[in-house]
Number of protein chains: 4
Amino acid sequence: MSVVLPDASEADLDGLDPAHAARVRDSWSRQALLATLGARLLRVGPGIAEIELPVSPHVSQQHGFVHAGAVSTIADTACGYAALTTMDADSAVLTAEFKINLMAPAAGERLVARARVIRSGRTLTVALCEVEAEAGGTRKTVALMTATLASVRGKGLSG
Amino acid sequence: MSVVLPDASEADLDGLDPAHAARVRDSWSRQALLATLGARLLRVGPGIAEIELPVSPHVSQQHGFVHAGAVSTIADTACGYAALTTMDADSAVLTAEFKINLMAPAAGERLVARARVIRSGRTLTVALCEVEAEAGGTRKTVALMTATLASVRGKGLSG
Amino acid sequence: MSVVLPDASEADLDGLDPAHAARVRDSWSRQALLATLGARLLRVGPGIAEIELPVSPHVSQQHGFVHAGAVSTIADTACGYAALTTMDADSAVLTAEFKINLMAPAAGERLVARARVIRSGRTLTVALCEVEAEAGGTRKTVALMTATLASVRGKGLSG
Amino acid sequence: MSVVLPDASEADLDGLDPAHAARVRDSWSRQALLATLGARLLRVGPGIAEIELPVSPHVSQQHGFVHAGAVSTIADTACGYAALTTMDADSAVLTAEFKINLMAPAAGERLVARARVIRSGRTLTVALCEVEAEAGGTRKTVALMTATLASVRGKGLSG
């Protein structure tokens, strides 16, 4: 299977300074799994990020709902970009851990993960993310994630 | 994109009674996300399950490691099948929550998630899963998950 | 050591119907650990609860901060009462799991845990709790918890 | 209330080198909350720790079981000491986060938390802890915790 790479050209990065916006664009363009799932970066601002996942058969689990792993992928990634905006330009971000509560079956036309930084530290950043499912004009919160993101310096990683 | 469905024909289900083995096969065949990622069901026995994910570019994150979301997908699914084997034949299994610690970058040739049930209850089951990365004949534990699985009855779900 | 039992006589339960208010009072009066720690119930309303812990030497850890276990105790209990207000009168509430991020050392004059229900289901309820430390008139968020509460019926438990 | 401080004089520290044993003894002697609850340090060795909590009325919740906060306190502390043994002599240990699954009511004569390090890193260490309840000669696993411990240097903290 050829790898499709995502691009952030449609994302709203207006709230970011140019250096952080460039880093987000560059990092997103290497997020192959997100392209595999069909996710789109909607918006990144200081301490916040939003990612959309259109609901499609190839991200589903055995009952036809979106698989918890796909829900987690967009929530974890949104937490990562929200955290990245609060870090120095020479830091890369890695997820140390996350926990997700899956509160309702994820179904509808699309999911949107909205993350925000709760506390930003030099080494560890904590973010919170809600995932909503949109169906027929209504929204329902289907998942809630808290994540710890580690900033990594000097290991040859970027973004 | 056409949806590729996975099959469990190569999985070792020898430890299961025929009814549970049939349910696992049927359920796995509808796990579209797992096929999208390229995961394979290796083994399901009473209270245990193993899933493999070959490392490939289309499941990677921005630094070239396997994305935490893909790691989570195989670990969560392994927890689900481990739990399913301890449930009644009329129960479906849904993940209520999981937490994953990502302890080292996931790289190498393949990942293997090995889950086991820690406690099986009528409504809630708790499972633990370790994910190992194999590279050049060596193994390294890269992630640790604990999950709560809910058994759901009478909602028209199976597996 | 003689057991001191807490009382909820100073708590603001004005937002609750009389039946739920009576259940909260009765339940709190049996929360011996909360009395041992010196915690006070501040407020319970529909889907929300607040608990205070004065900072004192006997709840500290090795560096003189409030021990993560004491922080967890008030946060978990606040999640429990927030959840209880959304349950039927014949349900008892038990914590199935929680996760807490400890974002800054817990120090100052007092901690306040503020919980709210994110989703209420027949069997499982998810709550979110922030814990703030107050010192010299300033507030700082020191911990963030997500919890799954199970409603239990017909086991002879109340509250 | 006067603060009772714990001591580790009865703990088995035989597996530790003298420097780590001294640090554990010194750290434990300042764990006021553990003394408040009545917990005892049973054993600390390389990468492992065990803490006992006798079941008593003053650590209970509203149904008479041991409160989840008390269960968490011994499990978190056991994770901390297990991690401390893998750190440099100039590091202090702080809990960054933990998640606990409460799998059965905690009752009986005593609880024992047994923690072990799963991965030790320079900054972050991951530990796993099982809590067993002992009643009438039988043991039952009542809780499972995973924790991330941060090693902190140069902040004037010890142990």
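Start by selecting β1 (40-45) and β2 (residues 48-54) of chain A: five bridges hold this pair together in the antiparallel sense. Click on R43(A) and look across to β2(A), where E50(A) is its bridge partner. Keep in mind that you're looking at a predicted model.

Now widen the selection to the whole sheet. Twelve strands make up this open sheet, with antiparallel pairing. If you want to walk along the strands, the order is β1(A)-β2(A)-β4(A)-β5(A)-β6(A)-β3(A)-β3(B)-β6(B)-β5(B)-β4(B)-β2(B)-β1(B). Which strands stand at the edges? They are β1 of chain A and β1 of chain B; each has a single partner strand, so one side of each has no neighbour in the sheet. Look along the sheet and you'll see the twist: on average, neighbouring strands are turned by 20 degrees against each other, direction ignored.

Next, zoom in on the place where the chains join. Select β3 (residues 91-102) of chain A and β3(B), which run antiparallel and are linked by five bridges. Pick I100(A) here, and you'll find F98(B) standing opposite, in β3(B).

Colour the contacts between these two chains: 33 residues of chain B touch 33 residues of chain A. On the chain B side, the elements giving two or more residues are α2 (32-37), α3 (68-84) and β3 (91-102). Of these, β3(B) supplies the largest share, nine residues. Colour that side by class and you get 14 nonpolar, 15 polar and four charged residues.

How do the two copies relate? Lay chain B on chain A: a turn of 180 degrees with a shift of 0.0 Å along the axis does it, at an RMSD of 0.0 Å. The two copies are thus related as by a two-fold rotation axis. To find that axis from the chain B side, go to K99(B), whose C-alpha comes closest of that chain's residues, at 2.0 Å. The copies meet through the same surface, because 100% of the interface residues of chain B are also interface residues in chain A.

Now bring in the helices. Show α3 (residues 68-84) of chain A, which lies across β1, β2, β3, β4 (110-120), β5 (124-135) and β6 (138-153) of its chain together with β3 of chain B. Against β4(A), α3(A) runs at about 40 degrees. Switch to α3(B): it lies across strands including β3 of chain A, and runs at about 40 degrees to β4(B).

Last stop: α3 (residues 68-84) of chain D. Its 17 residues should span 24 Å at 1.5 Å a residue, and the end C-alpha atoms are 24 Å apart, which agrees. Is α3(D) buried or exposed? 17 of its 17 residues are buried, so the rest of the structure largely encloses α3(D).

Conventions. Residues are numbered from 1 along each chain as its sequence is written. Chains are lettered from A and ligands numbered from 1 in the order in which they are written. This is a predicted model: local features need pLDDT of at least 70, side-chain atom pairs count only at pLDDT 80 or more; totals for chains, interfaces and linings use all residues. Two residues are in contact if their C-beta atoms, placed from the backbone, lie within 7 Å. Helices (H or I, at least four residues) and strands (E, at least two) are DSSP runs, numbered from the N terminus. Ala, Val, Leu, Ile, Met, Phe, Trp, Tyr, Cys and Pro count as nonpolar, Asp, Glu, Lys and Arg as charged, and the others, Gly among them, as polar. Two strands pair if DSSP finds at least two bridges between them. The expected span of a helix is 1.5 Å times one less than its number of residues. A residue is buried if 20 or more other C-beta atoms lie within 10 Å of its own, exposed if 12 or fewer, and partly exposed in between; C-beta atoms are placed from the backbone. Copies are superposed by least squares on the C-alpha atoms of residues with pLDDT of at least 70 in both. Axes are lines fitted to C-alpha atoms, for helices over the stretch in contact, and angles run from 0 to 180 degrees between N-to-C directions.
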